[in-house]
Amino acid sequence: MGSLMQNIKVIAISPGIAIGRVLRIQRLNRLAEPNASTIPEEKVESEISRLHAALETTRKQLQELRSTLGAKLSAEESGIFDAHLLLLDDRMLLTDIEKHIREEKNSAEFAISRSTEHFIGVFSAIPDPYLQERAADLRDVTGRVMANLTEEEVARPSLDDRRIIVADALTPSETVQLDCTKVLGFAVETGSATSHAAILARSMRLPAVSGLPHEVFDKLRSNDIVIIDGVAGRLIVNPDARTEEAYRLKAAAAGKLIDELGRETELTPETTDGFKVELAANIDAAGQYAEASKMGAYGIGLFRTEFMFMEQNGLPDEEAQYKCYRELLISAGERPVTIRTLDIGADKVSGNVYRFTEVNPALGLRGIRLCLYERRDLFTTQLRALFRAGVSGDLRVMVPMVSSVQELIECRELIRQVQNQLAQENLEFSSRVLFGAMIETPAAALSAGDLAEYVDFFSIGTNDLVQYTMAIDRLNERVSYLNRAASPAVLRLIRHCVECAERKGIPVAVCGQMAADPAAALLLVGMGIQELSMASPAIPLVRRAIRSVSMFDAEQLVERALRATDDDEPMKLAEELLQKHAPELIDL
């Protein structure tokens with residue numbers, strides 16, 4: 001590209017600054033389109049069998065990839081591959097592919113190509129980033145199937161040193177297979193902050209931007225120098241010396257702050273006037289606690305158990321679960337471990353668990369509904385393993401997706417039955433395990449006073465509470481303007497829960513994404529919440545935010561936020577308070 005500097009406005013999808021040479025990749029991991037071909041009638045059934053064999057191989061690959069990532073990424077991140085598994089079972093797509101084979105005598109490769117391009121064309125013709133990103137997922141999945149049909153090795157980019165990846169698009173499979181030790185950041189033509197590649201970039205802590213103009217992408221060449229500003233949303237091509245130096249200083253300051261925060265792990269998370277908050281970790285695998293502990297986590301506020309139920313080798317039995325929970329409790333020592341019971345449903349689907357496909361899984365039999373009314377057998381086994389493991393530490397058990405008092409009554413009765421069974425079998429178990437309910441639906445929030453009679457604590461899952469309160473799909477950009485965790489409606493529900501819990505004398509924790517945002521955390525603290533649980537990298541930031549303000553200021557912030565009529569105003573107020581007392585956290 002020419003030597004003149006270009007400063008281009010793009011979309012920030014993962015924060016941070018990266019400076020380096022370009023590695024330009026076009027149509028990464030894309031296989032060549034197969035030639036049009038026909039097969040004789042007598043080979044139709046064998047071609048169908050060949051198709052399904054490739055589908056099964058692809059399914060196993062995705063399950064293995066998800067399993068590998070499970071120990072490294074969050075539930076949302078590794079759950080990306082569950083969406084890909086769902087595409088493999090999409091009846092409309094499979095019916096269309098089989099129709100091309102049976103009726104038009106197409107080869108499996110050509111049938112897949114035709115069907116894929118048809119559906120991608122439908123998605124891409126709609127000016128909607130959300131649907132266009134689902135088209136990228138479809139291409140990713142069918143590209144894998146095609147590779148398995150042809151037994152063709154998928155080419156991977158060669159990184160000789162650390163580079164900034166510049167691509168027309170990056171699918172999840174492509175992103176996770178890059179050597180992250182040699183990737184500085186990403187700049188892509190297509191993809192938004194809710195795209196699967198963006199989610200993975202954030203999990204890998206790599207700066208990323210999208211919306212790169214095609215003419216810029218087309219002219220970029222390896223060894224061009226670019227700067228990615230994943231905070232302001234800028235891509236600077238061939239920066240002059242002054243601009244590059246300014247960004248290097250900015251990046252160095254951010255790195256210095258991260259190091260500084262890392263040295264504060266022994267400091268107590270408390271406001272300047274003495275209100276203490278426990279900062280716990282959200283994890284998906286027992287091995288993740290060591291890293292969380294290094295960040296200063298006080299125990300585990302959310303251990304997601306569903307990934308054990310989504311492995312390709314079948315469902316975990318009681319002994320496998322017992323060993324996992326026991327390992328986790330031992331690693332945490334005397335610190336509390338809160339384990340969420342099976343939360344399969346909505347965006348987390350397992351063919352091992354579900355006996356049917358739901359039209360609207362987000363509003364269907366998920367969480368405690370599934371455990372009580374469809375798979376009580378799995379729930380009973382899980383409770384047995386949990387209570388047996390409970391003798392090894394400070395265990396707390398909470399049930400997800402609660403909507404009514406009746407569900408808690410039935411859970412309590414089942415717990416009593418499980419404890420009686422264990423006693424009759426002379427198995428050691430804990431009878432001191434605390435039992436809690438997750439507040440994720442408006443029904444649960446509004447009924448908090450009644451629910452509090454049947455539990456020892458509340459844990460508010462703000463991700464789902466926002467989704468159900470605002471009636472939105474979190475990944476749908478068409479309604480992203482409503483996806484505001486700190487909207488007055490959601491804050492009022494949280495405040496109501498806290499007040500009901502205080503009257504009953506039970507604690508309240510927050511374990512959703514809202515707890516990991518330093519500014520939003522000030523709103524939660526101001527409402528009197530004493531435990532926040534988050535992905536471990538966020539703990540140092542939230543600790544600094546809490547230690548920078550007084551409880552008086554946080555309470556005043558909440559009073560102003562609850563009176564707001566604009567959904568954006570509460571966060572603006574919180575960021576103003578953070579800017580005043582801890583401005584270094586604003587641009588991270």
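Select helix α10 and helix α21 first: L257, E260 and L261 in α10 meet P540, L541, R543 and R544 in α21. By class, this contact has four nonpolar, no polar and three charged residues. Keep in mind throughout that the model is predicted.

Now show the two helices as cartoons. Helix α10 covers residues 241-262, and helix α21 covers residues 539-548. Their axes come within 9 Å and cross at roughly 80 degrees. That angle makes α10 roughly perpendicular to α21.

Stay on α10 and pick I258, which has its place in this helix. Is I258 buried, exposed or partly exposed? With a relative accessible area of 42%, I258 is partly exposed. Add P537 to the selection. I258 and P537 lie 279 residues apart in sequence, yet their C-alpha atoms are 9.9 Å apart in space.

**The sheet**

Next, display the strands. Eight of them form an open sheet with mixed pairing. Trace the order across: β1-β8-β7-β3-β4-β5-β6-β2. Which strands stand at the edges? They are β1 (6-9) and β2 (11-14). Each has a single partner strand, so one side of each is left without a neighbour in the sheet. Look along the sheet for its twist, which averages 30 degrees from one strand to the next.

Bring α10 back into view. This helix packs on the sheet and touches β3, β7 (225-229) and β8 (234-237). The direction of α10 makes about 115 degrees with that of β3.

**Strand β4 and its neighbours**

Zoom in on β4, residues 163-167. How many of its five residues are buried? Five of the five are, so β4 is largely enclosed by the rest of the structure.

Turn on the side chains. In a regular strand the side chains alternate between the two faces of the sheet. In β4, R163, I165 and A167 point one way. I164 and V166 point the other way. All of these residues are buried.

Select β3, residues 17-25, on one flank. It pairs with β4 in the parallel sense over four bridges. Two positions are worth labelling here. V22 stands opposite I164 in β4, and R24 stands opposite V166 in β4.

Then select β5, residues 183-188. β4 and β5 also pair in the parallel sense, over five bridges. Keep I164 highlighted: its bridge partner in β5 is G185. I164 therefore links up with both neighbours in the sheet order β3-β4-β5, facing V22 on one strand and G185 on the other.

**The last helix pair**

Move on to α22 (residues 551-562) and α23 (residues 569-581). What is the angle between these helices? They pack at about 155 degrees, with their axes 9 Å apart. This makes α22 roughly antiparallel to α23. The crossing of α22 past α23 is right-handed.

Finish with the side chains at this contact. From α22, pick D553, L557, R560 and A561. From α23, pick P570, L573, A574, L577 and H581, which the α22 residues meet. By class, the contact holds six nonpolar, one polar and two charged residues.

Definitions and conventions:
Residues are numbered from 1 along each chain as its sequence is written. This is a predicted model: local features need pLDDT of at least 70, side-chain atom pairs count only at pLDDT 80 or more; totals for chains, interfaces and linings use all residues. Side-chain values use heavy atoms; hydrogens and water are left out. Axes are lines fitted to C-alpha atoms, for helices over the stretch in contact, and angles run from 0 to 180 degrees between N-to-C directions. Angles under 35 degrees count as roughly parallel, over 145 as roughly antiparallel, 65 to 115 as roughly perpendicular and the rest as oblique. A crossing is left-handed if the near helix is turned anticlockwise from the far one by less than a right angle, and right-handed if clockwise. Contact means heavy atoms within 4.5 Å. Ala, Val, Leu, Ile, Met, Phe, Trp, Tyr, Cys and Pro count as nonpolar, Asp, Glu, Lys and Arg as charged, and the others, Gly among them, as polar. Buried means under 20% relative accessible area, exposed over 50%, partly exposed in between (1.4 Å probe, protein chains only). Two strands pair if DSSP finds at least two bridges between them.
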